[in-house]
Amino acid sequence: MTSIAHPNYDRLIDAARKSGRVTVAVAHPCDRSALEGVLDATRLGLIAPILVGPAARIRQVADEADLDIGGLPIEDTPHSHASAARAVELVHEGRAAVLMKGSLHTDELMGAVVATATGLRTARRLSHCFVMDVPGRPDPLIITDAAVNIVPTLTDKVDIVQNAIDLAHVLRFDPVLVAILAAVETVSAKMPSTIDAAALCKMADRGQITGAILDGPLAMDNAIDPHAAAIKHLVSPVAGRANVLVAPDLEAGNMLAKSLSFMAGAAAAGIVLGARVPIVLTSRADTVAARLASCAVAVLVAHDRLRTVAVVA
């Protein structure tokens, strides 16, 4: 079960359980950490997993760790690259609604996802969102992009922001308040991130980004702290109240998320959006709460997409 220190995750997991299990293709779960995460999410009623990897190796790891995987289906593959490819195929076949990383390298899984002929790309650029449960905050906080897009262009950032907004709606953020982060809150030709921030906000004004209120550039303090925003005389519905933080690049986003995790006791659930299905990227450093919350977020996104498809059909 999740820790009582992260009540936002408890609510996410409860909502996902009420939505019902979804089938998850787990690519190459060939270590104890990956299998334990799958079993925890299965026992909680979040997912119905399909293990994709070398069957003998998976069973050996389970036996050595005293984990019961007897009731779980296994798609036998010879190695990690084949595991990633087969997990993607299960999505194409309609047998899985979520993709989850096991013990293979992230690049291997994402390589299969973005493959031109056989992958899961859509018109939207792929991006990563952390859903953070930060002690002292009453609601979750989305941080993007901290894991996929290294130095995103303005065009990339449009999709990064829209992916995060769409996720915020699935998680019932109301309103969705997006802060485009920079080191300062004024536009400067010497700082390209501030120019991107201003452009993104104007694009939202013109309907090129929808579903949220945007403001930027905003420094981290005046994005989330009302007192800091007031000191800077920022009159904005977002300043001091942001619940979605858009980093200027991957390094800034990654350091922000990990600083909150390791210095402020936050938990970070991660998900990749922009593909045909949500993708869960787990890490051995993840807490049990973060792993379960990542699954819960993916389940909620998958159900939202299934409802959308049903309405369109």
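Which residues have the most contacts inside the largest nonpolar core? The views below begin there. This is a predicted model, in which local features need pLDDT of at least 70, side-chain atom pairs count only at pLDDT 80 or more, and totals for chains, interfaces and linings use all residues. Residues are numbered from 1 along each chain as its sequence is written, and side-chain values use heavy atoms, with hydrogens and water left out.

**View 1. The largest nonpolar core has 66 residues.** Ile 142, Leu 167 and Leu 214 have the most contacts inside this core. Helix H11 (residues 288-312) supplies its largest share, 11 residues. A nonpolar core is a set of buried Ala, Val, Leu, Ile, Met, Phe, Trp, Tyr and Cys residues joined through side-chain atoms within 4.5 Å. Buried means under 20% relative accessible area (1.4 Å probe, protein chains only). Helices are DSSP runs (H or I, at least four residues), numbered from the N terminus.

**View 2. Ile 142 touches residues including Cys 129, Leu 167 and Val 244.** Contact means heavy atoms within 4.5 Å. Residues up to four places away in sequence are not counted.

**View 3. Cys 129 is in no disulfide.** A disulfide is a pair of cysteine sulfur atoms within 2.5 Å. The sulfur of Cys 295 is the nearest, 16 Å away, too far for a bond. Cys 129 is buried at 0%, and Cys 295 is buried at 4%. The whole structure has 0 disulfides.

**View 4. Ser 33 sits in helix H2 (residues 32-43).** Ser 33 is buried, with a relative accessible area of 17%. The side chains of Ser 33 and Arg 291 share a polar contact of 2.5 Å. A polar contact is a pair of N or O atoms within 3.5 Å; within protein, one must be able to donate a hydrogen and the other to accept it, and residues adjacent in sequence count only if both atoms are side-chain atoms.

Methods
Buried < 20%, exposed > 50% of the residue type's maximum accessible area, 1.4 Å probe, protein only. Helix = DSSP H or I, 4+ residues; strand = E, 2+ residues; numbered from the N terminus.
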